Amino acid sequence: PHPAGPVRLTPGMGPRHMTRFADHWYVAGELDGTVRVYDDAWNEVAAAPASSAPGTNHPSHLEITGGFLYVANRGPDTVSVLSPRTLEPVAEVACGGSWPRHFAIADGRMYVANQRSDGVAVLVLKDGVPQPDPVVFPTGTPACVLTLP
């Protein structure tokens, strides 16, 4: 499914990335540091900060899988884990580098493209939460991570 036409989002949020889950649209606000949830008529039904860290946050990628909403946060350099139903925080962990631009989840791991630290961090997921002490693979300014089925 996709929007049937133009939609009106919260002014100033700076929509960056979106996904759909359970008849709702989830949008990362790059400029206001939020995650916002919209119904199929694009009425806002919930909003929450993407990160609880102090300072400026520019969320990049978000994804829902395994019953969790994951958001990469540029600025605090974290990944937030939220409940997709309530947007309540479950955890927020370091992303293993600087400026997490994108991530992919596969086989119980999260692969985070940390653009400014020139590496892809591999974080093991335990009960859906990324664990500290990732393995980092050096690579020049990664912007996207893809996994093969």
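Here are some informal notes on this predicted model, point by point.

1. Let's start with the sheet that comes early in the chain. Four strands make an open sheet in the order β1-β2-β3-β4, and the pairing is antiparallel. β1 (15-21) and β4 (44-49) sit at the edges, each pairing on one side only. On average, neighbouring strands of this sheet are turned by 20° against each other, direction ignored.

2. Inside that sheet, have a look at the β3/β4 pair. The two strands run antiparallel and share five bridges. If you want a register check, Val35 has Ala48 in β4 as its bridge partner. Ala48 also turns up in one of the nonpolar cores, a separate one of twelve residues.

3. Thr34 deserves a pause. Thr34 belongs to strand β3, which covers residues 34-38. Its relative accessibility is 11%, so Thr34 counts as buried, the limit for that being under 20%. The Thr34 side chain makes polar contacts with two other side chains: that of Asp32 at 2.7 Å and that of Arg36 at 3.2 Å. Beyond its neighbours within four places in sequence, Thr34 is in contact with Val27, Ala28, Gly29, Ala48, Pro49, Ala50 and Pro59.

4. Now the next open sheet. Four strands line up as β5-β6-β7-β8, again with antiparallel pairing. Here the edge strands are β5 (58-65) and β8, each with pairing on one side only. The twist from one strand to the next averages 20°. Within the sheet, β6 and β7 are antiparallel partners over five bridges, and Val71 stands opposite Ser80 in β7.

5. β9 and β10 are worth viewing together. They form a hairpin with two residues between them, and Asp107 in the turn has a positive phi of about 50°. The antiparallel pairing of β9 and β10 runs over six bridges, with Pro100 opposite Asn114 in β10. Six of the seven residues of β9 are buried, so the strand is largely enclosed by the rest of the structure.

6. On to the packing. In soluble globular proteins, nonpolar side chains tend to be buried together. In this model the largest nonpolar core has 16 residues, and those with the most contacts inside it are Tyr70, Val79, Phe103, Ile105, Met110 and Val112. Six strands each supply at least two residues of this core: β6 (68-74), β7 (78-82), β8 (89-94), β9 (100-106), β10 (109-114) and β11 (119-126). There is also a second, separate core of twelve residues, which includes Val37, Ala48, Val71 and Leu87.

7. Met110 is a handy residue to centre on when you inspect the largest core. Setting aside neighbours within four places in sequence, Met110 is in contact with Tyr70, Val79, Phe103, Ala104, Ile105, Ala121, Val122, Leu123, Leu125 and Pro130. Among these, Tyr70, Val79, Phe103 and Ile105 are also listed with the most contacts inside the core.

8. Last, the cysteines. How many disulfides does the structure hold? Zero. Cys95 is in no disulfide, and the nearest cysteine sulfur, in Cys144, is 15 Å away. Seen from the other end, the sulfur of Cys144 has its closest cysteine sulfur in Cys95, and at 15 Å that is too far for a bond. A pair would have to lie within 2.5 Å to count. With 0% relative accessibility, Cys95 counts as buried.

How values were computed: Residues numbered from 1 in each chain as written. Predicted model: local features only at pLDDT ≥ 70, side-chain atom pairs only at ≥ 80, totals over all residues. Heavy atoms only, no water. Core = buried A, V, L, I, M, F, W, Y, C linked by side-chain atoms within 4.5 Å. Buried < 20%, exposed > 50% of the residue type's maximum accessible area, 1.4 Å probe, protein only. Contact = heavy atoms within 4.5 Å. Polar contact = N/O pair within 3.5 Å; in protein donor to acceptor, adjacent residues only side chain to side chain. Pairing = 2+ DSSP bridges. Axes fitted to C-alpha atoms, helices over the stretch in contact; angles between N-to-C directions.
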